[in-house]
Amino acid sequence: MISEISAHKFALGWLPALAVTASVDPVPKLADVLVVHWSGVPIPVLTCAIGALGVLSARPLARRTESTLSLGLFVLVSFILLVAAQLWIIESRPGLLFAFVVSLGLGFAGYALIEMVGAEITDFARNLISRVAGRGQTKE
């Protein structure tokens, strides 16, 4: 029952099928399995849950380096890091593993990041105030 077919007839049937299957990924990403649209914003629920798990599981281990903070401030820092991780996940839509690893890192080193940003903002404000004060003194 096998008959010969010309290359032209083979290409006419095969190339369109190849073009369609090559452009469509038949397997969806695991991160995109459960997506909820809220006010027009797609929220990957599974990835957000994995990110929250990463931040919250790393925070108790970071407690030793943040021992000067009270429990209330520790919880506040944890909340800030959790919100930052969730916003990053919603905005950039990473895969599950990458979201988990970055969230773990943020949970461990997030307080140092907050301190560094705070120090940079403080230095910027001091420099700005000193420049404005210096200009005010030279005009008199």
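Here are four short exercises, with worked solutions, on the structure above.

The model is predicted, so local features need pLDDT of at least 70 and side-chain atom pairs count only at pLDDT 80 or more, while totals for chains, interfaces and linings use all residues. Residues are numbered from 1 along each chain as its sequence is written, and side-chain values use heavy atoms, with hydrogens and water left out.

**Exercise 1. The elements**

Find how many helices and strands the protein chain has, and in which order they run.

Start with the terms: helices (H or I, at least four residues) and strands (E, at least two) are DSSP runs, numbered from the N terminus. The protein chain has 4 helices and 2 strands. Read from the N terminus, the order is α-β-β-α-α-α.

**Exercise 2. The hairpin**

Work out how strands β1 and β2 are joined.

First, recall that two strands pair if DSSP finds at least two bridges between them. Strand β1 (residues 35-38) and strand β2 (residues 41-44) run antiparallel and are joined by 4 bridges. Next, look across the pair: H37 faces P42 in β2. Finally, look at the turn: 2 residues lie between the strands of this hairpin, and S39 in the turn has a positive phi of about 55°.

**Exercise 3. Helix α3 and the core**

Compare the span of α3 with the expected value, then find what α3 gives to the largest nonpolar core.

The expected span of a helix is 1.5 Å times one less than its number of residues. With 22 residues, α3 reaches 31 Å from its first C-alpha to its last, close to the 32 Å expected. After α3 comes R93, with a positive phi near 50°.

Now the core, which is a set of buried Ala, Val, Leu, Ile, Met, Phe, Trp, Tyr and Cys residues joined through side-chain atoms within 4.5 Å. The largest one has 9 residues: A52, V55, L69, V77, L81, L82, A85, L106 and Y111. Two or more residues come from each of α2 (45-62), α3 (71-92) and α4 (96-139). Helix α3 gives the most, with 4 residues.

**Exercise 4. Q86**

Is Q86 buried or exposed, and which residues does Q86 contact beyond its neighbours within four places in sequence?

Buried means under 20% relative accessible area, exposed over 50%, and partly exposed in between (1.4 Å probe, protein chains only). Q86 lies in helix α3. Its relative accessible area is 16%, so Q86 is buried. For the second part, contact means heavy atoms within 4.5 Å. Leaving those neighbours aside, Q86 contacts C48, G51 and A52.
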